[in-house]
Amino acid sequence: MNARYDRLRKPIAVTADFDAPRWRRDFPALRQRVHGKPLVYLDNAATSQKPRIVIDAVSEYYQKFNSNVHRGVHHLSELATEAFEGAREKVRHFIHAASVREIIFVRGATEAINLVAQSYGRSRFKAGDEIILSEMEHHSNIVPWQLLCEQTGAVLRVIPITDAGELEPGACEKLFTSRTRFLALAHVSNALGTVNPVKDMIACAHEHHVPVLLDGAQAVPHLPVDVRELGCDFYAFSGHKMFGPTGIGVLYGREALLQNMPPWQGGGDMIRVVRFDQTLYNDLPYRFEAGTPDIAGAIGLGAAVDYLEHVGMPAIEAYERQLLDYGTEQLQRVKDLKLVGTAREKVGVLSFSVDGIHPHDLGTIVDREGVAIRTGHHCAMPVMERFHVPATARASLAFYNTREDLDTLARAVEKAHQVFL
Ligand code: C6P
């Protein structure tokens, strides 16, 4: 059994009346049985399920006003443009950005980070410049910077993580130098669930005049996010992890920075005038949205935002904290189980291994019990290397999960233990 670890967390409102089973009824996919057992969906960090309101919003767009945006004067195009731009305003409000000019629709967190690397980084960085990341980053917040380093000669500096899965204390003093040009950091780690002390890191980076990108892919579904309160310069996230459709995501960028960044991709909608001798680019945010966007996706994301605001992000955060504590206790009772990631500030993720059982076997056995978890390196290979494991099993939570789901998970893992050991 794991040694118990302190949970010195910020006090947070307790929501005894949060009615997860009621919210769960809004998600049609959660009503099914898998291998004859009721589905227990605990793979929300990979992608979340979609509430009826999102499915209906996407379907309504295709059934009633499918049309391209910003291009036509006809009625359907006006309706589509209104809904698309309405979704942008909903996202702006959700993350408290100052202006819709700061909300760029992209395919997801991955594309958002590539955009910043290729537009902001490529136009500014030169050989010897330093980009700081952490050891707990998802590959999407590593590889785009490695590509940039190959292109510019910049180099990566990596903040190590502790045995608990927290950023090594003192990273700021140790790593920032006069050559540091950028900090790109996960708000929440997908492999460990750690919530990073991003406000402190941003304050430190800004003292060194270094801009900060937060990878918020695993934060927005679990925590209220206020980009202005955080003070970050860029914030990247994906719609599909926050109960919206796949194929749509958001890059938030501070307007003052975006204004001075060159376009990344060229094409329709990102231009004002095209001539062979000179092309003039469009205003923000369109300058970074070349080509026909994922209109249905954006509208679906807007519906997901409406839904999350209806449920309430503070209530979701409080409920999920209790659920995570409960799940941690249940899993710690399983013989030979080790939790990977025991940070004091955590959300949403229970990553673990059981001595003597390969995580893939574990995943297959719990699947037979109707429990969906992810096994593997979770696109965070450096984290696996840090903890000397090839892979982990990962249960990841959403507000529609219940204590019963976590009981079922613990029983299924016990069963695997009996089969293999
Ligand atoms: N993590 C997981 O199972 P995309 O693929 O662009 O929607 O999101 C990429 C991404 C970026 N950052 C973090 C912290 C993430 O967790 C992810 C996606 C999924 O953990 C799929 S690998």
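The following exchange looks at the ligand and the two domains of this predicted model.

User: What makes the ligand lie between domain 1 and domain 2?

Analyst: Domain 1 (3–31 + 312–420) and domain 2 (54–309) both contribute residues to the shell around the ligand, so the ligand lies between them.

User: Which residues come nearest to the ligand?

Analyst: The ligand has 17 residues around it, and Thr110, Asp215, Gln218, Ser238 and Arg374 come nearest.

User: What makes the approach of Thr110 to the ligand a polar contact?

Analyst: A polar contact is a pair of N or O atoms within 3.5 Å. In Thr110, a side-chain N or O atom is 2.6 Å from an oxygen atom of the ligand. That value is within 3.5 Å, so the pair counts as a polar contact. Ser238 has a polar side-chain atom 2.7 Å from an oxygen atom of the ligand, and for Arg394 the value is also 2.7 Å, again to a ligand oxygen atom.

User: How much of the ligand does the protein bury?

Analyst: The ligand taken alone exposes 510 Å², and the protein buries 87% of that.

User: Why is the ligand said to sit in a pocket?

Analyst: A molecule sits in a pocket if more than half of its atoms lie within 2 Å of the grid points of that pocket. The ligand sits in the second largest pocket, so it meets that condition there.

User: What classes of residue form the shell around the ligand?

Analyst: Five residues of the shell are nonpolar, eight are polar and four are charged.

User: How far apart are the C-alpha centres of domain 1 and domain 2?

Analyst: These centres lie 28 Å apart. The contact takes 36 residues from domain 1 and 32 residues from domain 2.

Notes: Residues are numbered from 1 along each chain as its sequence is written. This is a predicted model: local features need pLDDT of at least 70, side-chain atom pairs count only at pLDDT 80 or more; totals for chains, interfaces and linings use all residues. Side-chain values use heavy atoms; hydrogens and water are left out. A residue is near a molecule or strand if one of its heavy atoms lies within 4 Å of it. A polar contact is a pair of N or O atoms within 3.5 Å; within protein, one must be able to donate a hydrogen and the other to accept it, and residues adjacent in sequence count only if both atoms are side-chain atoms. Accessible areas come from the Shrake-Rupley method with a 1.4 Å probe; for residues, only the protein chains shown count as cover. On a 1 Å grid over the protein atoms alone, a cavity is a set of points where a 1.4 Å probe fits but cannot get out, and a pocket is an open set with protein on both sides within 12 Å along at least five of seven lines; lining residues have an atom within 4 Å of a point. Ala, Val, Leu, Ile, Met, Phe, Trp, Tyr, Cys and Pro count as nonpolar, Asp, Glu, Lys and Arg as charged, and the others, Gly among them, as polar. Domain bounds come from an automatic or database domain assignment. Contact means heavy atoms within 4.5 Å.
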